[in-house]
Amino acid sequence: MASHEQSYRAGETKGQTQEKVGQTMESMKDKAQAAKDRTSETAHDKTGAAKDKASGAAQATKDKTSGAAQATKDKTSGAAQATKEKASGAAQATKEKASEMMESAKETAQAGQEKTGGILHQTGQQVKSMAQGAADAVKHTFGMADTDEGHPDATKNREP
């Protein structure tokens, strides 16, 4: 019977061992599940934090880009306004200078016209006087002169 009792004890030990292994396996499964849950929560938390951080960085980048774009727009607008004002000032100065030059040219032309008119009048008078003198000389030569009172040679050529 010893072998029967040994078999019984061996079976009993085997059963107890199987039960212990089952309990240990169950405990390991619970611990693994808990570790898995903690890892999942940590990963979820870290993913959420990373998403928040990425979202914050994206917003900061968007804000910086928007600010830089606005600054560039303001700078460009200011430069355009300054250029416009400078061009307007240059146009006004050119207009004034042209007006001054036109007035000066008008005055010069008027003075030249007056001077030319005076010279032409004087020349006309001289030509008229010379023509009258020539006509008187021809008349006198042919004896057609009305009176010789004004002629210098009037007393010499008179017949009594």
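**Exercise 1.** How many salt bridges does the structure hold? Find the partners and describe their surroundings.

*Solution.* Keep in mind that we're working with a predicted model.

- Step 1: Do the count. The structure holds 1 salt bridge.
- Step 2: Name the partners. The side chains of Glu5 and Arg9 come together here, with 3.2 Å from N to O. The cut-off for a salt bridge is 4 Å, so this pair qualifies.
- Step 3: Look at the spacing. Glu5 and Arg9 sit 4 residues apart in helix H1, which means about one helical turn lies between them.
- Step 4: Check the cover. Glu5 has 43% relative accessibility, so it counts as partly exposed. Arg9, with a relative accessible area of 52%, is exposed.

**Exercise 2.** Work out the overall form of the protein chain from its helix, its box and its radius of gyration.

*Solution.*

- Step 1: List the elements. You'll find 1 helix and 0 strands in the protein chain. Helix H1 covers 2–142.
- Step 2: Box it in. Along the principal axes, the C-alpha atoms fill roughly 215 × 20 × 15 Å.
- Step 3: Compare with a globule. For 160 residues, a compact globule would have a radius of gyration near 15 Å, but this protein chain has 65 Å.
- Step 4: Try a pair inside the chain. Gln92 lies in helix H1. Its C-alpha atom is 59 Å from that of Asp52, and the two residues are 40 apart along the chain. Gln92 itself is partly exposed, at 40% relative accessible area.
- Step 5: Ask what is covered. Just 2% of the 160 residues are buried. The accessible surface of the protein chain is about 14,300 Å², and carbon and sulfur atoms account for 57% of that.

**Exercise 3.** Which residues make the nonpolar surface patch of about 360 Å², and where is Met144 found?

*Solution.*

- Step 1: Pick out the members. The patch is made by Val138, Phe142 and Met144.
- Step 2: Place Met144. It is in the segment after helix H1.
- Step 3: Test its exposure. Met144 has a relative accessible area of 57%, so it is exposed.

**Exercise 4.** Decide how much confidence the predictor gives this chain, and where the pLDDT falls below 50.

*Solution.*

- Step 1: Start with the average. The protein chain has a mean pLDDT of 82, with 90% of its residues at 70 or more.
- Step 2: Find the weak stretch. Residues 155–160 have pLDDT below 50, and in the model this stretch makes 1 contact beyond near neighbours in sequence.

Technical notes
Residues numbered from 1 in each chain as written. Predicted model: local features only at pLDDT ≥ 70, side-chain atom pairs only at ≥ 80, totals over all residues. Heavy atoms only, no water. Patch = residues over 30% accessible without salt bridge, like charges linked within 9 Å, V, L, I, M, F, W, Y side chains within 5 Å. Areas by Shrake-Rupley, 256 points an atom, 1.4 Å probe, with all protein chains shown as cover. Helix = DSSP H or I, 4+ residues; strand = E, 2+ residues; numbered from the N terminus. Buried < 20%, exposed > 50% of the residue type's maximum accessible area, 1.4 Å probe, protein only. pLDDT = per-residue confidence, 0-100. Contact = heavy atoms within 4.5 Å. Rg over C-alpha atoms; globule rule 2.2 N^0.38 Å.
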